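Biologist: Before we use words such as helix, buried or core, I would like to hear what stands behind each of them. Could we go through them one by one with the model in view?

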Amino acid sequence: MSLDGIAAWVKDAKEVIGFHHRLILRDLFISIIDETPVKTGLLKGNWKVDFKAFDFKAVDVKDPSGAITKRDVSAFISSVGAEDLSIFFSNNLPYAYTIEYDGYSRKAPEGMLYKNLIRVRSELE
């Protein structure tokens, strides 16, 4: 195989890996948003994703259906490549932790984040 052939193979491999990386992230993040319990929609509206660090700001975005948040997360995921290994997904409302880890919500007694991480991990094994 020539150097050009190897370079083309590497480029194709990165595209395939990036494609699957985006599919996995989209499945994980959209599932978390969908399974976030709704009272006012504020909890769903505060899921944020970034390359650099966790977003520590809470915002006043009520998104009961999750449509706005899923649109924003999907747009972000579209820019993810195979080399983007550090992606931060966060929700900084004070009660997000209580709902996730303390079984506070009757709508999501098992939380929303950890159970989806386990699900995706088991699907990949």
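Modeller: Gladly, and please keep in mind that this is a predicted model. A helix here is a DSSP run of H or I with at least four residues.

Biologist: What makes the place of Lys44 a helix, then?

Modeller: Lys44 lies in α2, which covers residues 42-45, and a helix needs at least four residues, so this run qualifies as a helix. The chain has 5 helices and 2 strands, and from the N terminus on they follow the order α-α-β-α-β-α-α.

Biologist: Why is Lys44 said to have no salt bridge?

Modeller: The nearest side chain of opposite charge, Asp34, is 4.9 Å away, whereas a salt bridge requires a side-chain nitrogen within 4 Å of a carboxyl oxygen, and therefore the pair does not count as one. Lys44 is nevertheless buried, and the residues that it touches include Ile33, Asp34, Val38, Asp63 and Thr69.

Biologist: What makes a group of residues a nonpolar core?

Modeller: The members must be buried residues of kinds such as Val, Ile, Phe and Trp, joined through side-chain atoms within 4.5 Å. The largest nonpolar core has 21 residues, and Phe29, Ile32, Trp47, Val49, Val73, Ile87 and Phe89 touch the most other members. Helix α1 gives the most to this core, with 5 residues. Among the residues that Ile87 touches are Leu25, Phe29, Val49 and Phe76.

Biologist: How much of the chain is buried?

Modeller: Buried residues, meaning those under 20% relative accessible area, make up 36% of the 125 residues in the chain.

Methods
Residues are numbered from 1 along each chain as its sequence is written. This is a predicted model: local features need pLDDT of at least 70, side-chain atom pairs count only at pLDDT 80 or more; totals for chains, interfaces and linings use all residues. Side-chain values use heavy atoms; hydrogens and water are left out. Buried means under 20% relative accessible area, exposed over 50%, partly exposed in between (1.4 Å probe, protein chains only). Lys and Arg count as positive and Asp and Glu as negative; His and the chain ends are not counted. Contact means heavy atoms within 4.5 Å. Lists of a residue's contacts leave out its neighbours within four places in sequence.
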